[in-house]
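Visitor: Please pick one part of this model and take me through it closely. I am in my first year, so state the cut-off behind each term you use.

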Amino acid sequence: MTDLADAIEGLDECELVRFRTQNKARSPMERQLRGRSLWLPLWRRSLGPSLDDLLDGVDIVHVAGVATPPVKRVPLIISVDDLRPLREETHTHQRIAQLRRALSNGALIVASSRSASHEVQSVLEVARQQVVVVAPAVPRVDRTTDGTDLVVNVTGLSDLFMTVVPALVEFASRHSTRVVVLASEELGAKIRANGAGVSVRARREARSALAGARVVMHLSDGARFPSFAIAALSAGVPTIARSTEINRELLGGAAILMSSYEEVPETLESLWCDESRRSIVVAAGLARAADFSPVTAARAYVALYRDVVRGWVP
């Protein structure tokens with residue numbers, strides 16, 4: 001959201017008011033929300049005081065994350081980039097109930113892809129016009145020109161990842177390189193306990209890890225927008241990802257999509273050694289990454305804000 005806000009301000013097409021629902025304001029440019037810590041438990045259920053009362057003078061409110069405060073006089077847009085709570089919870093649990101309550105009060109949900117929007121509509125049992133698609137902003141990163149690492153980003157597939165580790169380690173040994181894994185604390189501890197022979201780094205180190213990558217593997221459960229894979233494409237790093245519905249929609253034709261882990265050794269070998277194939281994949285990746293730049297996302301969101309405000313009936 002910070003990258004999106006910066007890009008929207010750069011367009012200079014609307015006046016932006018920044019605020020935080022879960023944390024206190026961190027800079028003078030952010031509006032302080034009175035009683036935020038008191039109201040947050042209610043906002044997580046789409047209850048409590050109306051946010052437009054605390055943000056006096058705004059024409060539209062846009063939130064992301066676990067807090068969806070109600071509004072009275074202006075439209076509310078909710079970005080839903082993570083589908084895990086919709087998959088893991090039942091219809092009696094908080095996230096689904098929260099979003100349904102917000103939708104019943106006129107909110108509009110923004111999904112990050114068409115396939116994600118279909119899943120949101122199905123789980124929440126809402127009409128198609130209540131869910132729109134706008135890709136989030138993916139920060140541009142510097143081009144990687146001399147990377148030597150195999151960087152693997154793992155999100156939600158810890159058990160499956162452990163089964164492919166031996167093949168990755170064997171590949172790294174043959175090519176005198178190393179495997180760098182971006183993982184959660186839980187998976188990182190599991191990898192270290194197993195003595196897997198790979199280097200583990202925290203997700204906050206993703207940018208520096210990408211700067212040293214020759215090839216990226218993005219192993220995701222398909223519940224989240226593939227921001228790291230797109231960042232890798234923008235860095236000019238050949239990228240491999242699982243062939244999930246979201247990845248086929250967003251990465252198809254730019255990243256190499258695998259339907260089975262049995263494809264890992266051959267695919268890695270090709271992307272590592274075949275310079276002509278690497279050049280083709282890099283060019284395709286750079287072109288695709290431009291579709292998700294902060295400026296592109298900002299323009300799409302400003303257009304959405306205008307359409308929603310224009311059609312709003314209090």
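**A close look at one part**

Guide: At 15% relative accessibility, Gln-121 counts as buried; a residue is buried under 20% relative accessible area, exposed over 50% and partly exposed in between, for a 1.4 Å probe and protein chains only. That term will come back often. The model is a predicted one, in which local features need pLDDT of at least 70 and side-chain atom pairs count only at pLDDT 80 or more, while totals for chains, interfaces and linings use all residues. Residues are numbered from 1 along each chain as its sequence is written, and side-chain values use heavy atoms, with hydrogens and water left out.

The predictor's confidence in each residue is the pLDDT, on a scale from 0 to 100. For this protein its mean is 91, and 99% of the residues reach 70 or more. Among the elements, strand S6 (residues 131–133) has the highest mean, 97, and helix H8 (residues 185–194) the lowest, 81. Where pLDDT is low, predicted coordinates should not be read in detail. Helices (H or I, at least four residues) and strands (E, at least two) are DSSP runs, numbered from the N terminus.

Gln-121 belongs to helix H6 (residues 114–124). Apart from neighbours within four places in sequence, Gln-121 is in contact with Val-126, Ala-127, Arg-128 and Val-131, where contact means heavy atoms within 4.5 Å.

The part to look at closely is strand S10 with the elements around it. S10 spans 213–220, and 8 of its 8 residues are buried. Strand S7 (residues 149–155) pairs with S10 in the parallel sense, over 7 bridges; two strands pair if DSSP finds at least two bridges between them. Val-151 has Val-216 of S10 as its bridge partner, and Asn-153 stands opposite His-218 in S10.

S7 itself is largely enclosed by the rest of the structure, because 7 of its 7 residues are buried. Asp-149, Val-151, Asn-153 and Thr-155 point one way from S7, while Leu-150, Val-152 and Val-154 point the other way. S7 also pairs with strand S8 in the parallel sense, over 4 bridges, and there Val-152 stands opposite Val-181. Between these strands the chain passes through helix H7, making a right-handed β-α-β crossover. Right-handed means that, with the strands pointing away from the viewer, the path from the first strand over the helix to the second runs clockwise.

Back at S10, 3 bridges join this strand to strand S11 (residues 239–242), and the two run parallel. Met-217 has Ile-240 of S11 as its bridge partner. S10, helix H10 and S11 make up a right-handed β-α-β unit. H10 covers residues 227–234, and 7 of its 8 residues are buried, so the rest of the structure largely encloses this helix. The buried ones are Phe-228, Ala-229, Ile-230, Ala-231, Ala-232, Leu-233 and Ser-234. After H10 comes Gly-236, with a positive phi near 75°.

Aromatic rings are the next feature. A pair is described by the distance of the centres and the angle of the planes. Rings of Phe, Tyr and Trp (its six-membered ring) pair if their centres lie within 6.5 Å; planes under 30 degrees apart count as stacked, over 60 as edge-to-face and the rest as tilted. The structure holds 3 such pairs. One of them joins Phe-171 and Trp-272, edge-to-face, with 5.3 Å centre to centre and 85° between the planes. Phe-171 is in H7 (residues 158–174) and Trp-272 in helix H12 (residues 264–273), so this pair ties together parts that are 101 residues apart in sequence. Phe-171 and Trp-272 are both buried.

Phe-225 and Phe-292 are also edge-to-face, because their ring centres are 5.7 Å apart and their planes are at 65°. Phe-225 lies in the loop between S10 and H10, and Phe-292 in the loop between helix H13 (275–289) and helix H14 (294–311), so the pair ties together parts 67 residues apart in sequence. Phe-225 is buried, with a relative accessible area of 8%, and Phe-292 counts as buried at 7%.

Trp-272 has a further neighbour: Arg-214 lies over its face, 5.5 Å from the ring centre. A charge sits over a ring if NZ of Lys or CZ of Arg is within 6 Å of the ring centre and within 35 degrees of the ring normal. His-175, in the loop between H7 and S8 (179–182), is in contact with Glu-269, Trp-272 and Cys-273, leaving aside neighbours within four places in sequence.
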